[in-house]
Amino acid sequence: MKTSFRRSLTALLIILVSGCAAYASKQLDQFYGIAEPRENLVHVDSAQASQYHNQVQPLLEKRCVVCHGCYDAPCQLKLSSPAGINRGASKATVYDGARLRAADLTRLFEDASTTEQWRLKGFYPVLNEREQTPEINQQAGILFQALQLKKRHPLPDQAILDERFDLGLGRKQQCPRDNEWQAFAEKYPLWGMPYGLPAIHPNESAVLETWIANGANMAKKPRLPARYHDYIDRWERFLNGNSLKQQLMARNV
């Protein structure tokens, strides 16, 4: 009887949560428009590209990429490249020891090439993909909201973080979508970004906020000068070689 009651209660909670998420999605659609995948890359020689490479990308590398730069980054969110930022986040974990079937591979640059293709694989945006205005770009974007949550609830002034922070390697991921963000922020007010670390300096935060408000435009890195291409080709041939020495070197690069 107890088991049956617990199952019924769990099912009811799932229905309630799903209903709340659906209602929140409808509200977002009404306020900010329908979300559509974006490819917000600009010309590498434009002023927007210069701002991204010279101001925004260094900040992301300084404060974000230490966690969000690997294949198994939290929520699979990689902030180390425009492609990773556009791909967004996912609720699926990269390493799942309990699974019985092969995982659907989500290698950046390998398993999908457009934002729309990543959306079909279950990835959702951390930047605004609805109507494009400065206010909506901020209010409808998870990245901006995560930074604001940290500003509203700074890191506690204590030497060791308490049980409100979960830093365990096997912790359950919290990967809220835009329609789940409000509930997440109310439940975990101290989990703003950077998680478990001091807030980004106000001057640096202003750079990111302005960038997001202006559409979070990014650009691929310009090609290296021709004089470097020969060196790159030589290293690629070496690291892709079949000798034991080459394989050992390639493994540790």
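How many cavities of 30 Å³ or more does a search of the whole structure find? The search finds five, and this tour ends at the largest of them. Keep in mind along the way that the model is predicted.

**Stop 1: the whole chain**

Start with the protein chain in cartoon view. You should see 10 helices and zero strands, so expect no sheet to orient by, as strands and helices are assigned here from DSSP runs. Read along the sequence, the pattern is α-α-α-α-α-α-α-α-α-α. Turn the C-alpha trace onto its principal axes and it spans about 70 × 45 × 45 Å.

Now colour by burial. Of the 253 residues in the protein chain, 37% are buried. Switch on a surface as well: about 16700 Å² is exposed, with carbon and sulfur atoms supplying 56% of that area. For a charge view, select the 32 positive and 26 negative charges; their mean positions lie 6 Å apart. If you draw contacts with a separation of 6 or more, 67% of them join residues 24 or more positions apart.

**Stop 2: the second largest pocket**

Next, select Leu41, Pro82, Ala83, Phe109 and Lys220. Among the 20 residues that line the second largest pocket, these are the closest to its centre. The pocket holds about 360 Å³ of space.

Which elements should you highlight around this pocket, as giving two or more residues to its lining? They are helix H2 (47-63), helix H3 (82-87) and helix H4 (115-120). Give H3 its own colour, since you will want to find its four lining residues, the largest share of the lining.

**Stop 3: arginine 119**

Stay with helix H4 and pick out arginine 119, which has its place there. Is this arginine buried or exposed? Arginine 119 counts as buried, because its relative accessibility is 17% and the cut-off for buried is under 20%.

Show the neighbours next. Leaving aside residues up to four places away in sequence, arginine 119 touches Pro37, Asn86, Arg87, Tyr124, Pro125 and Glu129. Keep Asn86, Pro125 and Glu129 on screen, as they are among these contacts and also among the residues lining the largest cavity.

**Stop 4: the largest cavity**

Finally, add the rest of the cavity lining. The residues to select are Arg38, Asn40, Ile85, Asn86, Arg119, Pro125, Val126, Leu127, Asn128 and Glu129. Arg119 from the previous stop is one of them. The space inside this largest cavity comes to about 60 Å³.

Notes: Residues are numbered from 1 along each chain as its sequence is written. This is a predicted model: local features need pLDDT of at least 70, side-chain atom pairs count only at pLDDT 80 or more; totals for chains, interfaces and linings use all residues. Side-chain values use heavy atoms; hydrogens and water are left out. Buried means under 20% relative accessible area, exposed over 50%, partly exposed in between (1.4 Å probe, protein chains only). Contact means heavy atoms within 4.5 Å. Accessible areas come from the Shrake-Rupley method with a 1.4 Å probe; for residues, only the protein chains shown count as cover. Lys and Arg count as positive and Asp and Glu as negative; His and the chain ends are not counted. The place of a charge is taken as NZ of Lys, CZ of Arg, CG of Asp or CD of Glu. On a 1 Å grid over the protein atoms alone, a cavity is a set of points where a 1.4 Å probe fits but cannot get out, and a pocket is an open set with protein on both sides within 12 Å along at least five of seven lines; lining residues have an atom within 4 Å of a point. Grid points are joined across faces, edges and corners, and a volume is the space filled by probe spheres set on the points.
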